[in-house]
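Let's take a walk through this chain, one strand at a time. Have the 3D view open and follow along.

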Amino acid sequence: MFRQWIRSIARSCMQGIKHKAIPIGSTIVVVLLLVFVLGKVELGDNEITADSLDNMEEMLAERSFQKEPLAAPIVNYGDQVWHLVAEQVDTTLWIDYATGQIMIDREQHNEKWLSNPVSSSLKEETAKGLWLESLKSPFVFYYLVKNDVNVKVSNTVEFPLEMTWTALTDGIGVLYDIPSLGFKFYIEYVLENGQFVAHIPEYGIAESGDNQLVSIELLPFFGAGDEEANGSILVPDGPGGLIHLKKSSKTRKPYSYPVYDHDASISGADRVNRSNRDGIAYPVFGMATEEKGFIAVIEKGEARANIVAGTSGMRNSYNFVYASFSLRYPYMKPKGLGRTESSYEKNIAAEPRTIRYLWSDSEREGYSALAETFRNYLIEHVGMQRITANDASPKLYFNIAIGSTEKTSLGNKYVSATTFTQAERMVQGLLDTGISNMEVGLSGWQNGGYLSKAPKRLPIPGKSGGKADFDKFQSFLADKGIELRLDDTLYFAADRSGTGFQSRTEAVKGIDGLTVKGKANEYSRYFISPQVVEQKYVNKAMNDYAALTVKRVGIEDGGSGLHSDYSSKHWMLRGEVLASRKRVLENISKQTESLTVTGAGMFALPYADHIFQMPMSSNYDLIIDEQVPFYPMALHGLVSYSSIPGNWRDDPIIEFLRDLEYGAAPNYFVTEAPPDVLQNTYYNGLYSSEFEILLPQILEEYQAYQAVQQEVMDQYIVHHRRLAADVYETEYENGKKVWVNYSDKPFRLLGELVEPYSYKVTGGDNEKKS
């Protein structure tokens, strides 16, 4: 608390100089005193930090370290000597004091999990030099030598290593010291309820001297299978990706992507538009062989982590999957006159980094077992609970666009997509077909329409019918027992005046000092500072919802888009942005009856009642061998979810069938007006939205959703498998099974027939087919 108070004073002083509110002479005296207290001032990063070594020494001051092994039983395994450090029921934790490596022994399950391949298995290893040394190291780190921007890689073997340790409750803390480089790493290894946790505290990494750390790969060869192993690596690509353990791969490039997608603040203002990938939504990875399996969840530090995986032959003879934590982000530093140079953040991001390893003890095999393990984790550690299905039929998420604004030579012009009177006729049309279980979401209901004057939401546009027709529509829905939801954005602002948003002081600034702007269908928009959203705009939004007496809210940018803010006034690194987002979602969830989010970021799960745009397809990386519904399997029965709206699909047949296979709820986004009238607005990405044209599709597809999901909305998906090429089976805990045939040929099994590009429901009380 003292250090945070000192830093707060320092930032205030710097702001005082900037705005000439404090005499510069007085401020210099104060800053010099702060330098004496804290260590050093990093004005170039707009942040004041103490020396990392001082922080570490202060953190560890009350701990007792020793060089001699702690007194404990010893075993020999793999030509190494292991010392017992913790024991819980049937799980024991061991350390090799000579190398700092870790072993977990689950004796009753006949399983041993090792941080590294043991010495006996490395005798035939063909890799040399760095990659052989890394196989023996509990972590690998990347660093910069003074005045050099070329990153070097090393480990605990390449340079002389000094180790000391301290006893912990159910574990051990190890201090790895590499004096020749000036680096120290303090890592805790503990057992918690039979699970293994590796933890680097907030100040567990320290530097002294001129070398600078860039990243650390923690336990990169944990559970690594050699070239003879059979099984798969699980990576969080889309709904789930499998990399089969093998001797060779179609690519030499490992899988390596950031959790929660790229940070738009790091590489300049256009960063958000560079990638067409679906970002990683859940910080989970794992491995399953014929004998055993594990998943690992990054519990802390995930916002600055990459998940990395590769196969035998890429680096050495071992398959691998692990988390790499960024300590300093690289970026292009402006040098004036349009010139830039490669640079890195000045300071290590001070935050804890934690990975929890959970064993797959399911009766199932492969990724079905891993999904069950993750579901149990969400229940036990995240606090999620099984949902209750109040209706036998699936809920239709019926989303209506109300309007937006078009830029013209004469100024901004409101364009109506749907009036509230027309929206009422749409809903009545659905009711007339027999669809009654639905939730109606309104987009673009705000002043000026979608994203047009955000965050200035009220009054409701008169051309949509205004407040009077909105109230009538709300009463109509209430009389029919239909729920109304207002969809909104919190973290985007329109690139125009008259919104109440101050881009100079409230927009996110990138690490290069430039304002970060993205595009929404070719229209520019600002990213609002997360701190401004939390402290100012979320309360304003809640007041606007309350004024409309709406208690169900959808946050369209709630489940994705975590961007650091490097502005001096609202400084927030990505880990702090993640914490802020959780607080905002929790705040909204407490004040509403229901909260939906767009984007399936795991951080939103404890607060969301429904998820839109659940990842349903992979990114088609060469290293991925098979797409599997790992994430949907873990979530089904805990929270409902939808993919993209049914009228947005690129491949209408395949993506519709995948919804049925993965247990997604029906979801459509419609307008009364033809979409071409919206092509010069923020809705210019719509190509098929006219309700009158879409109604037959909605009705036909809803009947299929009903056949598949009836009686299973609250059921867990317990098993998934491939029955044949392009034919898959999804099994629910009540015995209901869904067969989906993506091929152009009929599929027959056990006397049952599934037509090409179709589905069939088996098991349970009834059997239905398309």
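Start at the hairpin of β11 and β12, where 4 residues sit between the strands and G182 adopts a positive phi near 80°. Keep in mind as you look around that this is a predicted model. The two strands of that hairpin, β11 and β12 (residues 183-192), run antiparallel and are joined by 8 bridges. If you want a landmark for the register, use D177, which stands opposite K184 in β12.

Now turn to the other neighbour of β11. Strand β10 (residues 162-168) is joined to β11 by 7 bridges, and these two run antiparallel as well. Here the register can be read from T164, which faces L175 in β11. β10 and β11 also make a hairpin, this one with 2 residues between the strands, and D170 in its turn has a positive phi of about 65°.

So how covered is β11 itself? Strand β11 spans residues 171-178, and 8 of its 8 residues are buried. Look at which way the residues point: G171, G173, L175 and D177 go one way, while I172, V174, Y176 and I178 go the other way, and all of them are buried. Notice that D177, the residue opposite K184, is on that buried list too.

Next, move over to an open sheet. Six strands make it up, in the order β9-β8-β15-β22-β21-β18, with antiparallel pairing. The edges belong to β9 (152-155) and β18 (255-258); each has a single partner strand, so one side of each is left without a neighbour in the sheet. From one strand to the next, the twist averages 25°. As a general point, the strands of a sheet pair through backbone hydrogen bonds, either parallel or antiparallel.

Zoom in on the β9 end of this sheet. Strand β8 (residues 139-144) pairs with β9 in the antiparallel sense over 4 bridges. One residue pair to pick out there is V140 with its bridge partner in β9, N155.

Last stop: a loop. T388 is found in the loop between α5 (366-382) and β26 (396-401). Is T388 buried or exposed? Its relative accessibility is 62%, and exposed means over 50%, so T388 counts as exposed. For a sense of distance, try L114: it lies 274 residues from T388 along the chain, and the C-alpha atoms of the two are separated by 41 Å.

Technical notes:
Residues numbered from 1 in each chain as written. Predicted model: local features only at pLDDT ≥ 70, side-chain atom pairs only at ≥ 80, totals over all residues. Heavy atoms only, no water. Buried < 20%, exposed > 50% of the residue type's maximum accessible area, 1.4 Å probe, protein only. Pairing = 2+ DSSP bridges. Axes fitted to C-alpha atoms, helices over the stretch in contact; angles between N-to-C directions.
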